[in-house]
Amino acid sequence: MSRASCVPACLSLVALVLGAAPVRASGIDAAASQVGFQLVTRWGEVIDGRFPVFDGEVSRLPDGRQQVRLSLSAADVEILDSARRTQMTRGAGFFDARRYPWITFLSDPFEPELLARGGQLPGLLSIRDVERREAFTVAASACARPARDCPVRAAGMVDRAAYGINRWPVVVARKVRFELRILVEDREE
């Protein structure tokens, strides 16, 4: 699913669930936020990667709960310190960014307290047009206004084979660890 088709589809789904009720959103501050991942080789080498291009928002739903939408550009993914590995990761054997340029996550609605106390944040993750339910663990916050005064930190393990990323199974482990450090644009409503 392309980014262009995901955004209207995701918004349509939210609109169906909420009816005509207004939804207020704060955009994720891409300049102040970070989304990265780690792969581990069979020799124990940790390969660090990042998504330098992404966007998203945290929506406040009419019932007081919140929902996160995040889109990551697979076409811009980088493996730190390796142009060769960057190209391999963007290529057909891994994210296949030419055919599937966006990775998306739409969380289930959650209580705002989750960002302060921490816990599981489940939702729908789409990689290479394969959609699966995944959960990310949100760390407890160190400030009064998580995502505004301090970043919300979350992490989760994803089985890459479940998304059709089966290349190099002898060299790279199946599990990919995603790490997020998210701040929103500070505009009060």
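Let's start with the strands around the largest cavity. Strand 5, residues 66-73, supplies at least two residues of its lining. So do strand 7 (102-107), strand 8 (119-127) and strand 9 (130-138). Strand 10 (152-159) and strand 11 (175-182) complete that list, again with at least two lining residues each. Keep in mind that this is a predicted model.

How big is the largest cavity in volume? About 270 Å³. Its lining takes in 19 residues. Nearest the centre are Val68, Leu70, Leu121, Leu180 and Ile182. By class, the lining has 18 nonpolar residues, one polar and no charged.

How many cavities of 30 Å³ or more does the structure hold? Two. The second largest has a volume of about 30 Å³. Its lining consists of Phe95, Ile127, Val158, Arg160, Ile165, Val176 and Phe178. That makes six nonpolar residues, no polar ones and one charged.

Now the second largest pocket. About 280 Å³ of space lies there. It is lined by 20 residues. Which of them lie nearest its centre? Gln34, Val35, Gly36, Glu179 and Leu180. Leu180 has come up before, among the residues nearest the centre of the largest cavity.

Next, the strands around this pocket. Strand 2 (34-40), strand 3 (46-50), strand 10 and strand 11 each supply at least two lining residues. Strand 2 gives the largest share, with five. Strands 10 and 11 were also on the list for the largest cavity. By class, the pocket lining has 10 nonpolar, five polar and five charged residues. Set beside that the lining of the largest cavity, with no charged residues.

Methods:
Residues are numbered from 1 along each chain as its sequence is written. This is a predicted model: local features need pLDDT of at least 70, side-chain atom pairs count only at pLDDT 80 or more; totals for chains, interfaces and linings use all residues. Side-chain values use heavy atoms; hydrogens and water are left out. On a 1 Å grid over the protein atoms alone, a cavity is a set of points where a 1.4 Å probe fits but cannot get out, and a pocket is an open set with protein on both sides within 12 Å along at least five of seven lines; lining residues have an atom within 4 Å of a point. Grid points are joined across faces, edges and corners, and a volume is the space filled by probe spheres set on the points. Helices (H or I, at least four residues) and strands (E, at least two) are DSSP runs, numbered from the N terminus. Ala, Val, Leu, Ile, Met, Phe, Trp, Tyr, Cys and Pro count as nonpolar, Asp, Glu, Lys and Arg as charged, and the others, Gly among them, as polar.
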